[in-house]
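Colleague: I should like to go through this model with you, one point at a time. Please give the reasoning before each result.

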Amino acid sequence: MGHFWTFLTHLHTIAGPSVMLLYPLYASVQAIESPSKVDDEQWLAYWILYSFLTLTEMVLQPVLQWIPIWYEMKVLLVAWLVLPQFRGASFIYERIVREQLMKSRTKVGKDHGHSPSKDKSHFVEYVSPGKGHQEVY
């Protein structure tokens, strides 16, 4: 029973990296190789949100260290973002991130005399480099 209990108490050592990194890396490669764009959006949204969560965690570390179950809450949140049954990353991106970007685009468009469009292709044009930029490979 002692070894089993030790395993359970240190399960987060395995679960965290597996849920937050290993599975998303594997699923991202699978998404790139698949012809569907739906899974590409899910995993791009995941990596955007995971990066934001990591940066936020770095800034708030002095506060978060006082929350005893922070790591477990983070693993549960990331599991919700990752698991295909929930598609949490796509949900958060569509409902929060994209809406905020569109609001800021609307404000920028009004400032420059443009009429904003909520069409996805126009959004991609907005965030993509202009014609004067060259891509470096």
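Modeller: A residue is called buried when its relative accessible area is under 20%. The model is a predicted one.

Colleague: Which residues of α5 are buried?

Modeller: The cut-off for this class is a relative accessible area under 20%. Applied to α5, it selects Trp 70, Lys 74, Val 75, Val 78, Ala 79, Leu 81 and Val 82.

Colleague: What distance separates the end C-alpha atoms of α5?

Modeller: The expected span of a helix is 1.5 Å times one less than its number of residues. Helix α5 has 13 residues, so it should span 18 Å. The model agrees with this expectation, as the end C-alpha atoms of α5 are apart by 18 Å.

Colleague: Which element gives the most residues to the largest nonpolar core?

Modeller: In soluble globular proteins, nonpolar side chains tend to be buried together. Here the largest nonpolar core has 17 residues, and those with the most contacts inside it are Met 20, Trp 43, Tyr 46, Val 78 and Ala 89. Two or more residues of this core come from each of α2, α3, α5 and α6. The element that gives the most, with 6 residues, is α3.

Colleague: Which residues does Met 20 contact, leaving aside its neighbours within four places in sequence?

Modeller: A contact requires heavy atoms within 4.5 Å. With neighbours within four places in sequence left aside, the partners of Met 20 are Tyr 46, Trp 47, Tyr 50, Tyr 71, Lys 74, Val 75 and Val 78.

Colleague: How far apart are the closest N and O atoms of Glu 57 and Lys 74?

Modeller: Side chains of opposite charge can pair when their charged atoms come close. Glu 57 and Lys 74 form a salt bridge, with closest N and O atoms 2.5 Å apart. This pair links distant parts of the chain, Glu 57 being in helix α3 (residues 38-59) and Lys 74 in helix α5 (residues 70-82), 17 residues apart. Both Glu 57 and Lys 74 are buried, and the distance asked for is 2.5 Å.

Colleague: Which residue forms a salt bridge with Arg 98?

Modeller: Arg 98 counts as buried at 17% relative accessibility, whereas its partner is partly exposed at 35%. The two are 4 residues apart in helix α6 (residues 88-111), and are therefore separated by about one helical turn. The closest N and O atoms are 2.6 Å apart, and the partner is Glu 94.

Colleague: Is Asp 40, which pairs with Lys 37, buried or exposed?

Modeller: Asp 40 lies in helix α3 and touches Ala 31 and Ile 32, not counting residues up to four places away in sequence. Its salt bridge with Lys 37 has closest N and O atoms 3.8 Å apart. Lys 37 is exposed, with a relative accessible area of 57%. For Asp 40 the relative accessible area is 17%, which is under the 20% limit, so Asp 40 is buried.

Colleague: How much accessible area do Phe 4, Phe 7, Leu 11 and Ile 14 have together?

Modeller: These four residues form a nonpolar patch on the surface, to which α1 (2-9) and α2 (11-33) each give two or more residues. Phe 7, found in helix α1, is partly exposed with a relative accessible area of 42%. Together, Phe 4, Phe 7, Leu 11 and Ile 14 have an accessible area of about 380 Å².

Note on methods:
Residues numbered from 1 in each chain as written. Predicted model: local features only at pLDDT ≥ 70, side-chain atom pairs only at ≥ 80, totals over all residues. Heavy atoms only, no water. Patch = residues over 30% accessible without salt bridge, like charges linked within 9 Å, V, L, I, M, F, W, Y side chains within 5 Å. Areas by Shrake-Rupley, 256 points an atom, 1.4 Å probe, with all protein chains shown as cover. Salt bridge = Lys/Arg side-chain N within 4 Å of Asp/Glu carboxyl O. Buried < 20%, exposed > 50% of the residue type's maximum accessible area, 1.4 Å probe, protein only. Core = buried A, V, L, I, M, F, W, Y, C linked by side-chain atoms within 4.5 Å.
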